[in-house]
Amino acid sequence: MKKIIVSSVLGGMVAMSPFASKASELNSVGVGINYGLFAGPTLELTYPINNSWQVRGALSSGMDMSETATTDIEYKVKTKNGINRLALDYHPFENSFFLSAGYAVNNFNVAADAQKNGSDITIGDTTYSGNVTLNGTLDWNNAPSLSLGWGNSPEKGWGGLIELGAIFTGTTNVNIIGTGTLNGNDVSTDPSIQAEIAKEEKKVQDKLSEYDFLPILQAGVTYRF
């Protein structure tokens, strides 16, 4: 009888050992290094709660991109800063596939600058002549995010990460400050010019109004200790 009991206990321990091993791995922290659209270089830390759930935090520095964009005015556009996120990932099949919901602290913004010296420029609905500099800032609100992806499963060792989703920021915030002289008037103090600058802000905002979210597109490598 004792042999049967001992054999049963040992057999149960052998059978349970993979689960015990997996449970111990759940206490380990994962580190990921990836690159994302708008987010740029990103450092991620993940902590598995169990085989299905994990918490993930991401810190990014932003991507460095320069372009030219045009309404009636040609702007030089430069991106700045990154997007930081905290998310809860759900692995429905207890493998690398996950669904994620989170919140993004959005430091990402765009500087849009234009300059005209001695030539005509149309601001809002009015054409002026003179010298003017327009310094614009485009930014987005902090917002919730939804995504899906593959990677960062609660397993030990090296892995990969691909994530697709969106941050639901709402309409782009646009602010334009003008300096200089147009038609002999000071741009920064003339009320009629300021009214046209406000119309120009609305033009830029309307052009971007169909994009009421920022996409999430991340790819990189992960390691769980």
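## Salt bridge within helix H2

A helix in this report is a DSSP run (H or I) of at least four residues, and helices are numbered from the N terminus. The structure is a predicted model. Asp206 and Lys202 are four residues apart in helix H2, so about one helical turn separates them. The two residues form a salt bridge, with the closest N and O atoms 2.9 Å apart.

Both partners fall in the middle range of exposure. Asp206 is partly exposed because its relative accessible area is 41%, and Lys202 is partly exposed as well, at 45%.

## Salt bridges between distant parts of the chain

Over the whole structure, eight salt bridges are found. One of them joins the side chains of Glu163 and Arg85, at 3.0 Å from N to O. This pair links distant parts of the chain, with Glu163 in strand E11 and Arg85 in strand E6, 78 residues apart. How buried or exposed are the two partners, Glu163 and Arg85? Glu163 has a relative accessible area of 0% and is therefore buried. Arg85 is at 10% relative accessibility, so Arg85 also counts as buried. Both residues belong to a wider network of salt bridges, which links Glu44, Arg56, Arg85, Asp89 and Glu163.

A salt bridge also forms between Asp125 and Lys199, where the closest N and O atoms are 3.4 Å apart. This pair too links distant parts of the chain: Asp125 sits in the loop between strand E8 (109–123) and strand E9 (126–139), while Lys199 belongs to helix H2 (residues 191–207), and their positions lie 74 residues apart. Asp125 has 59% relative accessibility, so Asp125 counts as exposed. Lys199 is partly exposed, with a relative accessible area of 37%.

## Aromatic residues

A search of the whole structure gives seven aromatic pairs. In one pair, the ring centres of Phe97 and Trp150 are 5.6 Å apart and the ring planes meet at 55 degrees, so the pair is tilted. The tilted class covers angles between the stacked limit of 30 degrees and the edge-to-face limit of 60 degrees. Phe97 is in strand E7 (residues 97–106) and Trp150 is in strand E10 (residues 143–151), so the pair ties together parts of the chain that are 53 residues apart in sequence. Phe97 is buried, at 18% relative accessibility, whereas Trp150 is partly exposed, at 42%.

Separately, Phe38, Phe108 and Trp140 make up one aromatic cluster. Two of these residues come up again below: Trp140 as a contact of Thr172, and Phe38 for its backbone angle.

## Thr172, a buried loop residue

Thr172 is found in the loop between strand E11 (157–167) and strand E12 (173–182). Is this loop residue buried or exposed? Thr172 has a relative accessible area of 1%; this is under the 20% limit, so Thr172 is buried.

The side chain of Thr172 makes a polar contact with the side chain of Trp140, at 3.0 Å. Leaving aside residues up to four places away in sequence, Thr172 touches Leu138, Asp139, Trp140, Gln205, Leu208 and Tyr211.

## Positive phi at Phe38 and Asn81

Most residues other than glycine have a negative phi. Phe38 is not a glycine, yet its phi is positive, at about 70 degrees. The residue lies in the loop between strand E1 (30–36) and E2. With a relative accessible area of 17%, Phe38 is buried.

Asn81 likewise has a positive phi without being a glycine, in this case about 65 degrees. Asn81 is located in the loop between strand E5 (74–80) and E6. Its relative accessible area is 39%, so Asn81 is partly exposed.

## A nonpolar surface patch

Which residues form the nonpolar patch on the surface? Val29, Leu45, Tyr47, Ile49, Trp53, Val55, Leu86 and Leu88 do, and together they have about 690 Å² of accessible area. Strand E2 (40–48), strand E3 (53–60) and strand E6 (83–90) each give two or more residues to the patch. Leu45, one of the patch residues, is in strand E2. At 48% relative accessibility, Leu45 is partly exposed.

Notes: Residues are numbered from 1 along each chain as its sequence is written. This is a predicted model: local features need pLDDT of at least 70, side-chain atom pairs count only at pLDDT 80 or more; totals for chains, interfaces and linings use all residues. Side-chain values use heavy atoms; hydrogens and water are left out. Buried means under 20% relative accessible area, exposed over 50%, partly exposed in between (1.4 Å probe, protein chains only). A polar contact is a pair of N or O atoms within 3.5 Å; within protein, one must be able to donate a hydrogen and the other to accept it, and residues adjacent in sequence count only if both atoms are side-chain atoms. Contact means heavy atoms within 4.5 Å. Patches are made of residues with over 30% relative accessible area and no salt bridge: like charges are joined within 9 Å, nonpolar side chains (Val, Leu, Ile, Met, Phe, Trp, Tyr) within 5 Å. Accessible areas come from the Shrake-Rupley method with a 1.4 Å probe; for residues, only the protein chains shown count as cover. A salt bridge is a side-chain nitrogen of Lys or Arg within 4 Å of a carboxyl oxygen of Asp or Glu. Rings of Phe, Tyr and Trp (its six-membered ring) pair if their centres lie within 6.5 Å; planes under 30 degrees apart count as stacked, over 60 as edge-to-face and the rest as tilted.
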